[in-house]
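Student: I would like to understand how the words used for a protein model are justified, so could we go through some of them with reasons?

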Amino acid sequence: MVASPSIAAPEVVAPEPVAPAVAPEPVTPEPVAPARFAHADVDPDNDAEPGPPAPLVDCEARLREAGVTFKPARIGTSREVDGIPRCGAKQVVRVRRGPGSIKYSSSPLLTCTMALALADFERVAQEEAERAFGSRIVGIDHLGTFNCRDMALYDLVSEHSYANGLDLRRFTLANGAVVDVLKHFRPDQAEPTDAKSRFLRTLANRLFDEAVFSVVVTPFFDSAHRNHIHVDLARYRVDGSRP
Ligand SMILES: [Zn+2]
């Protein structure tokens, strides 16, 4: 038996820390802006290109990070007229629950980007509900998300054709109060005269101003929207939240 020569592992020498001549200034890290309120399409160059938002590679991870419980879903994408998609979207989810713990009258079926925007919407809506009523929203009645059609009053593909829009009709609060767009928005009054009207208008203003959605249309806009607030992620922007 020949003893194999033992080879000493080379000693790893840590370099002596060099004391800085001057103590470094404590650096306050720049606050990182949370990734919210950024889903509106603010690019003016693509406004005339209809179609759902481009699919996101990390959609599901981003939804989970945003606190959204969801199920992947599929809708048809068959209709195309003159190269323009008329109906459907490639990346769609059914939202079960968002970070604001709001129960919807039916689980919204939305493009992934719209589902991310819904998470931001819930945060803004809960902030405004707490400010206005000292109570949180527990339920929202909506009039639907996915419906292949042109806009009711315009010759344009509705974002509902791409599951990229949502119609908000009624909010129920934890304290039992109900805020109904048809009853409480009061577009005939330039200034809101009660808390419910003020809540609806402030919410709509913030959803547009903070770019939660590309398009926010309220009863101020036209009679087709007298009973709901329409929000979507079109590639163009419309502020219908003001008289
Ligand atoms: Zn709508």
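Tutor: What follows is a set of questions about the terms, each answered from this model.

Student: What kind of model is it, and how many helices and strands does the protein have?

Tutor: The model is a predicted one, and the protein has four helices and twelve strands. Of its 243 residues, 43% count as buried, and the protein exposes about 13,700 Å², of which carbon and sulfur atoms supply 55%.

Student: Why is the contact between arginine 206 and glutamate 128 called a salt bridge?

Tutor: The term requires a side-chain nitrogen of Lys or Arg within 4 Å of a carboxyl oxygen of Asp or Glu. The side chains of arginine 206 and glutamate 128 meet at 2.9 Å, N to O, and therefore the pair satisfies the 4 Å rule. Arginine 206 belongs to helix α4 (residues 195–209) and glutamate 128 to helix α2 (residues 112–133), so this salt bridge ties together parts that are 78 residues apart in sequence.

Student: How do you know whether arginine 206 and glutamate 128 are buried or exposed?

Tutor: Buried means under 20% relative accessible area. Arginine 206 has 14% and glutamate 128 has 5%, so both residues of this pair count as buried.

Student: What makes glutamate 210 buried, partly exposed or exposed?

Tutor: Partly exposed is the class between the 20% limit for buried and the 50% limit for exposed, and glutamate 210, at 24% relative accessibility, therefore counts as partly exposed. Its side chain meets that of arginine 206 in a salt bridge of 2.6 Å, N to O.

Student: Which residues are linked with arginine 206 in a network of salt bridges?

Tutor: The network links Glu127, Glu128, Arg131, Arg206 and Glu210. In the whole model the count comes to twelve salt bridges.

Student: What makes arginine 186 and aspartate 188 a salt bridge, and how exposed are the two residues?

Tutor: Their side chains meet at 2.8 Å, N to O, which is within 4 Å, so the name applies. Aspartate 188 has a relative accessible area of 57%, which is over 50%, and therefore it is exposed, whereas arginine 186, with 33%, is partly exposed.

Student: How do you know that strands β4 and β6 pair?

Tutor: Two strands pair if there are at least two bridges between them. Strand β4 (residues 92–97) and β6 are joined in the antiparallel sense over three bridges, so the condition is met. One of the bridge partnerships is that of valine 93 with leucine 110 in β6.

Student: Why are β1 and β6 called edge strands?

Tutor: Three strands form an open sheet in the order β1-β4-β6, with antiparallel pairing. The strands β1 (69–73) and β6 (109–111) each pair on one side only, and that is what makes them the edge strands. From one strand to the next, the twist averages 40 degrees. Helix α2 packs on the sheet and touches β4 and β6, its direction making about 105 degrees with that of β6.

Student: In which sense do β5 and β7 pair, and how are β7 and β8 joined?

Tutor: Strand β5 (residues 103–104) and β7 pair in the parallel sense over two bridges, which meets the minimum of at least two, so they count as paired. In β7, isoleucine 140 is the bridge partner of tyrosine 104. Strands β7 and β8 run antiparallel and are joined by five bridges, and in β8 the bridge partner of glycine 139 is threonine 172.

Student: What makes a residue such as isoleucine 137 stand out in the largest nonpolar core?

Tutor: Isoleucine 137 is among the residues that touch the most other members of this core of 43 residues, together with Leu63, Phe121, Phe171, Leu207, Phe213 and Val231. Among the elements that give two or more residues to the core are β7 (137–142) and β8 (165–173), and α2 gives the most, with eleven residues. Leaving aside neighbours within four places in sequence, isoleucine 137 is in contact with residues including Ile102, Ala129, Phe171 and Phe199.

Note on methods: Residues numbered from 1 in each chain as written. Predicted model: local features only at pLDDT ≥ 70, side-chain atom pairs only at ≥ 80, totals over all residues. Heavy atoms only, no water. Buried < 20%, exposed > 50% of the residue type's maximum accessible area, 1.4 Å probe, protein only. Axes fitted to C-alpha atoms, helices over the stretch in contact; angles between N-to-C directions. Contact = heavy atoms within 4.5 Å. Core = buried A, V, L, I, M, F, W, Y, C linked by side-chain atoms within 4.5 Å. Areas by Shrake-Rupley, 256 points an atom, 1.4 Å probe, with all protein chains shown as cover.
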